[in-house]
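Subject: Structure for your review

Dear colleague,

Please find below the structure that I am handing over to you. My notes on charged pairs, an aromatic ring and one helix residue follow it.

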Amino acid sequence: MTAVRARTPLVGLLLVLGGCYTYRPLPAAVPAAGLRVQARLTDAGADSLAGRIGRNVALLAGEVVRADPAELTLAVREVENQRGERSDWEGETVVIPRRFVRELQQRRLSIGGTGLLGGAVAAGLVAATQVFGGSGTFEGGGTGTGGSGPR
């Protein structure tokens, strides 16, 4: 049990780093700077921004740099095209007129998904501790060094 307690901080860290996230509607019309969002574009928006973000892009995800009722400036981390193919970006800023945004959602930690992930990680740690981190003895009580020694 001591090995499990010693790994508890590690489990917490893994949950924070590997937590499950979902996108949900924003509680406010104008998102705050630093908030992670995804913006689904209108067809006119995808066409108008094609020279800056690529052809057939349907969705941009990233952190809000600045927002007001007329424009949204994102540090883009990921784009998704109309076929659902995703590609990573390095935080390049893109200004999106709000009239080109069909839907804007906020990234939020999924408590249920993260709980399931945490349960699976914890169960795996307990099982690994039982299999690999035991007392060093075999079921018969010996140390596993019996027999005639090295061959």
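The paragraphs below set out what was found. Please bear in mind that this is a predicted model.

I begin with the salt bridges, of which the structure holds 8. As general background, side chains of opposite charge can pair when their charged atoms come close.

One of these salt bridges joins Glu 63 to Arg 36, with 3.5 Å between the closest N and O atoms. Glu 63 belongs to strand E3 (residues 57-67) and Arg 36 to strand E2 (residues 36-41), so this pair ties together parts that lie 27 residues apart in sequence. The two residues also take part in a wider arrangement: Arg 36, Glu 63 and Arg 77 are linked in a network of salt bridges.

Strand E2 contributes to another such pair. Arg 40 and Glu 103 meet through their side chains in a salt bridge, at 3.9 Å from N to O. Because Arg 40 lies in strand E2 and Glu 103 in strand E6 (residues 101-109), the pair ties together parts that are 63 residues apart in sequence. Both ends of this bridge are partly exposed: the relative accessible area is 35% for Glu 103 and 28% for Arg 40.

A further salt bridge is formed by the side chains of Glu 85 and Arg 83, with an N to O distance of 2.8 Å. Here Glu 85 is partly exposed, its relative accessible area being 42%, whereas Arg 83 counts as exposed at 67% relative accessibility.

I turn next to the aromatic side chains. How many aromatic pairs does the structure hold? The count is 0. An arginine does, however, sit against a ring: Arg 99 lies over the face of Phe 100, at 4.6 Å from the ring centre.

Finally, I would draw your attention to Ala 46, which is found in helix H2 (residues 43-53). Is Ala 46 buried or exposed? With a relative accessibility of 4%, Ala 46 counts as buried, because the cut-off for that class is under 20%. Leaving aside residues up to four places away in sequence, Ala 46 touches Leu 41 and Val 57. For the second of these contacts, the C-alpha atoms of Ala 46 and Val 57 are separated by 5.8 Å, although the two residues are 11 residues apart along the chain. Val 57 falls within the range given for strand E3 (residues 57-67).

With kind regards

Terms used
Residues are numbered from 1 along each chain as its sequence is written. This is a predicted model: local features need pLDDT of at least 70, side-chain atom pairs count only at pLDDT 80 or more; totals for chains, interfaces and linings use all residues. Side-chain values use heavy atoms; hydrogens and water are left out. Helices (H or I, at least four residues) and strands (E, at least two) are DSSP runs, numbered from the N terminus. Buried means under 20% relative accessible area, exposed over 50%, partly exposed in between (1.4 Å probe, protein chains only). Contact means heavy atoms within 4.5 Å. Rings of Phe, Tyr and Trp (its six-membered ring) pair if their centres lie within 6.5 Å; planes under 30 degrees apart count as stacked, over 60 as edge-to-face and the rest as tilted. A charge sits over a ring if NZ of Lys or CZ of Arg is within 6 Å of the ring centre and within 35 degrees of the ring normal. A salt bridge is a side-chain nitrogen of Lys or Arg within 4 Å of a carboxyl oxygen of Asp or Glu.
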